[in-house]
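Student: I've got a new structure open and I don't know how to read it. Could you take me through some of its features?

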Amino acid sequence: MSSTIDLHVSPLGRVEGDLDVRVTIEDGVVTDAWTQCQMFRGFETILRGKDMRAGLIMTPRICGICGGSHLYKACYALDTAFQTFVPHNATLVRNIAQAVETLQSIPRYFYAIFAIDLVNEKYKSSPLYEEAVRRFAPYVGTSYQPGVVLSQKPVEIYAIFGGQWPHSSFMVPGGIMGAPTLSDVTRSVAILKNWKDNWLEKQWLGSSVERWLENRTWEDVLAWVDENHAQRNSDCGFFIRFALDIGLDTYGQGWGNYIASGTYFDPASYDRPTIEGRNAGLIVRSGVYAGGQHFEYDQARVSEDVAHSFYRGSDNVHPFDGEQNAIDPFIGAKEDKYSFAKSPRYDVPGIGRLPLEAGPLARQIVAGKPATSDFQDYDPLFTDVLAKKGPSVLVRQLARMHEAPKYYEKVLQWLGEIDLHGSFYQTPVDPVSARGYGGTEAARGALQDWIVIEDGKIANYNVITPSAWNLGPRDKDAVVGPIEKALIGTPIHNPEDPIELGHVTRSFDACIVCTVHAYDGKTGRELSSFVINSMV
Amino acid sequence: MSFLNADEPSVVDLIVDFGLEVLWHPSLGVEAGAAAKKIFTDCVDGTRPLDIFVFEGSVIEGPDGTGRFDLFADRPMKDWVTELAAAASIVVAIGDCAAFGGLPAVAPNPSGSTGLQFHRKARGGYLGADWVSKSGLPVVNIPGCPAHPDWITQIIVALATGRAGDIALDDLGRPQTFFTQFVHNGCTRNTFFEFKQSTLAFGEGTRTGCLFYEFGCRGPMTHAPCNRILWNRQSSKTRAGMPCLGCTEPEFPHADLAPGTVFATQLIAGAIPKDLPPGEDHVTYLAMAAAARISAPKWSKEDMFVV
C-alpha cells in the first residue's frame, strides 16, 4: 500500500525573503516539490529613476551575507556602462575583497548551517555518530565554536580595504575609493595566514593547503583521507567518512546542469571592462554545463519567466527589460503562481531554455574546462568526481569546501601583487545613456546585475541572484527549478523528522531560511515541521 | 549576518557564557522536528516568557495593507510582530529597516515597508507613536545598515545583566551611549576637516584630505561610534577612504538616492555645503572656513596616509 505525504516548507529568512517548500512523499520518497519565496521588497523598482551609482549602495544591502559580492558585480556593471579604465591595483583589491567574503562564508555555512544537522538522531546507529555530536553540536561542538568564531577573520581583510564588512560601497567605477598603506597589506597577510594556520590547516584539512590541492580525482580524495591520522581525523576527513557512512552521496542530485558567471579578473586582461570582453578576463571562469557538454557563457541568453511567480509579465524576458509588477499572492495563487522568485532560464545552444544550478559545484565543474590562458583557474577534480559519483549532497559540500584552500592561495598571491605606489582609481566620465552588465560568483553562486541608464539616471535595473537560479519556481512549461528537482527522489527515513530535506536544501546554501511542514497527502494531517535555518 | 562577527562576547559566548536562551534566530535556530511556529505561538499566549523580542527587517504592509508581501509561518509577518511585541518585556529593532523602514521604504516603497515605531523620520511606524512594551519602554532602536554587531551584543548583554536602567534613549529611540557622538569623532581625517582641506579624488587621492567637501561624507552630521568602535576590529568607512553614508539616521539613504546625490556633496551657490554639522549656520561656517583655510599649514595639503 502506498502512502502519500505532503511536506510544506515555510520560509523564515530575511536575506532574500522567506521561503516555503512543499513536498509530496510517496512510499518514503519525495515525488514532487514546490519552492515558494514569500517575501517581496522591490529593490529594483526603487532603483528606477535614481542616481546611476545607487546600485553600489542599494544592492549590497539586498543580502547580509553576500554584500561584498553584490558590490563587486554592481561596480562592474557600471564599469562596462561608463567604459572605465580600471587600474590593475584596483582589480587586485576587488578580487581580494570578493574572495575573503567567500572564505568567510565557507566555514560559517558549514558549521552554523549545514553540519548541525549531522547530529540528528537518525544517525545514532552510525559508529561515527558520537564523534559527529562531539564536533558539530551547535554552540558547544568542539569544531563548531572555533569554526564559527574564526570565520570572522577573513572579512577583517575586507574591512581593512573597504572600511567595514558587510555593506561597504568602496568599489566605484574606475577603481576603488581608498589606497592601502604598507601595514594594510602586511596586516592582511598576517590575518590570512593566521586563519589558515588555525582553521584551514589545523582544524579543517589536517594537511597543508598544498597537499590537499594535489587531489585530482575522487580516488585521490579517498586516498588523502586515509593517508595519515591527521587527515583522517581532521574535520574534512571526518566529514567525508561520516557523509559516506550515512549516504549523503546518494541523493540530492538535481538537474545536473550548471551555470557559473565567473569571477576574479586578471588585471591586465580586463582593465577596460566590456560585456563582450568579460569571459576572456576571468580567472575563475564563466560557463554553462548542460547535457554533459561545456558551453561558453553569454549573458544575452539569460531570461526570466514569471508564469508561476507573483508578478504580471511575460514568460521570457531578458534582464535588461525586466519588470517587477508584483501582485497579491492570494490573487496569484488562483493562477497557479506560488513564489516571489522569478524563474531564471538559460537558452543553451541546440538544447533550449533550461533551469541551471548555481554554486560552488557549478564553478568547479566549469573549472574542469581546458584553460586557454595561464591565469585561468583550471581544476579537473570535480569533473572527475561528477563522472564517478554524480552530483549529491556530499559532492556539493565538497566542492564548496574545496574552494577554501584554492582562494586562500589566490588572496595571498593578489596581496603580493599590489603595487602600493601605483594607482587605485581613474576618474571616469559619467555617461548620459548606456547599458551595463556585471557578474560575479557569490559564495553561493552566479550573481549578476543588468543596468540601463537613460538621461543620466537609472531607467532599469535587474539583479539575478544565485538563490533565484536555485530556488526559482516552475516555468511556463512546468519545468521545476534546481532545488525542486534535487528534492524529488530524496528518500525520507522518517516523515516525522525529514532531515534529508534539510540536507538537500542546505546543500545549495540558499540565503533563505525555510521551515518544513510534513503533511499526510491523503488526510491532509500535518505530520511534522522543521526549520531550515540559513545565513541571513 | 553582521551579528556573527561579534567578539567579546561572540555569539557563542552570548549563549554559552551569558546563558542567553535564543528561542529562535534565522541563522542560529536549531529547531528540528518541532515547529518553529510553536515557539512563536507559545510566546504569544504566554506559555513561554519572552524577555526580549529582537526584530530585523522592515514591517511589510503591502499590498493594500494586507501584509501579504511577507508571509511567515503561514501568515503575514506583521501579524506576528503585533502579537510578539505585545508579549515581550522589551522590543529591540535591529538595523534601519526595523527601526525606520530603511531602504525598502524609499519611494515608491513598493512593498509598503515601515519601521516598528518610526517611518523614516516620523514617529509612529507600525506600532504607533505612543506604543510601549510591557516594561514601559518604547522600541529600542539600534539602527545602521548594518547595525554594528557590538552595538547589538552590548545592549543585549546590558539588558540580560540587569542594566536596562542604564540604557538612556535619544528622541529617535537610540541608546545614547552609542548615538550621541558623531561618526566624525575619531575619524583619522579630522585634521583635514579642521583646516578645510578636501580630498580631490578617490583611490590615491584619499591619502590626504577630508571627504566632507566633495564626496558627500555625512560623518559630521551622523550619530554613531563608527570611529570609536571600529568595524571588524579594523577600520571604518572614512578611514578607508569611503564617505560616511549616514546610515544610522532615519533619512538614510539621504536625498533618496536622487540623481547627483550619491558620493557627492550637495552645495549652495556651488561652493558651500548645504548640510552642515548640527548647530552650525552657513554665515558662521563661511567665516570659520575662510580663517581655517588661511591658517592651513603646508602638511595639511600633502599626503598623510602614505605607503
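Tutor: Let's go through some helices, strands and single residues, one topic at a time. This is a predicted model, in which local features need pLDDT of at least 70 and side-chain atom pairs count only at pLDDT 80 or more, while totals for chains, interfaces and linings use all residues. Residues are numbered from 1 along each chain as its sequence is written, chains are lettered from A and ligands numbered from 1 in the order in which they are written, and side-chain values use heavy atoms, with hydrogens and water left out.

Student: Which residues of helix H10 in chain A are buried?

Tutor: First, the words. Helices (H or I, at least four residues) and strands (E, at least two) are DSSP runs, numbered from the N terminus. Buried means under 20% relative accessible area, exposed over 50%, and partly exposed in between, with a 1.4 Å probe and protein chains only. In H10(A), residues 218-227, the buried ones are Trp218(A), Val221(A), Trp224(A) and Val225(A). Seen down the helix axis, they fall within an arc of 120°, so they line one face of H10(A); the arc is taken from the directions from the helix axis to the C-beta atoms.

Student: Is there a general idea behind that spacing?

Tutor: An α-helix has 3.6 residues a turn, so residues three or four places apart point the same way.

Student: What do the buried residues of H10(A) pack against?

Tutor: Contact means heavy atoms within 4.5 Å. By that rule, the partners in chain A include helix H8 (182-205), helix H12 (235-245) and helix H17 (393-417).

Student: How many residues of helix H7 in chain A are buried?

Tutor: In H7(A), residues 153-162, 9 of the 10 residues are buried, so the helix is largely enclosed by the rest of the structure. Among them are Glu156(A), Tyr158(A) and Phe161(A). The cover includes H3, H4, H8 and H17 of chain A. Just after H7(A), Gly163(A) takes a positive phi of about 95°.

Student: Can we look at a single residue in H4(A)?

Tutor: Take Asn95(A), which lies in H4(A), residues 88-114. Asn95(A) is buried, with a relative accessible area of 0%. Leaving out residues up to four places away in sequence, Asn95(A) touches Tyr72(A), Tyr264(A), Phe265(A), Ile283(A) and Trp414(A).

Student: And where is Gly178(A) found?

Tutor: Gly178(A) sits in the loop between strand E5 (175-176) and H8 of chain A. Gly178(A) is buried too, with a relative accessible area of 4%. Its contacts, again not counting residues up to four places away in sequence, include Phe424(A) as well as Gly203(B), Glu204(B) and Thr206(B).

Student: How do I read a sheet?

Tutor: Two strands pair if DSSP finds at least two bridges between them. Also, in a regular strand the side chains alternate between the two faces of the sheet. In chain A, 3 strands form an open sheet in the order E17-E18-E19, with antiparallel pairing. Its edge strands are E17(A) (434-442) and E19(A) (457-464), each pairing on one side only. The twist averages 15° from one strand to the next. Axes are lines fitted to C-alpha atoms, for helices over the stretch in contact, and angles run from 0 to 180 degrees between N-to-C directions.

Student: How many bridges join E18(A) and E19(A)?

Tutor: They pair over 7 bridges, and Val452(A) has Asn460(A) in E19(A) as its bridge partner. Helix H3 (residues 67-82) of chain A lies across E17, E18 and E19, running at about 150° to E17(A).

Student: What does a hairpin look like here?

Tutor: E2(A) and E3(A) form one, with 2 residues between them, and Asp27(A) in the turn has a positive phi of about 50°. The two strands pair in the antiparallel sense over 5 bridges, with Glu26(A) opposite Val29(A).

Student: Which strands make the open sheet of chain B with parallel pairing?

Tutor: The order is E1-E5-E9 in chain B. E1(B) (52-56) and E9(B) (140-142) stand at the edges with a single partner strand each, so one side of each is left without a neighbour in the sheet. E5(B) and E9(B) are joined by 3 bridges, and Ile94(B) stands opposite Ile142(B).
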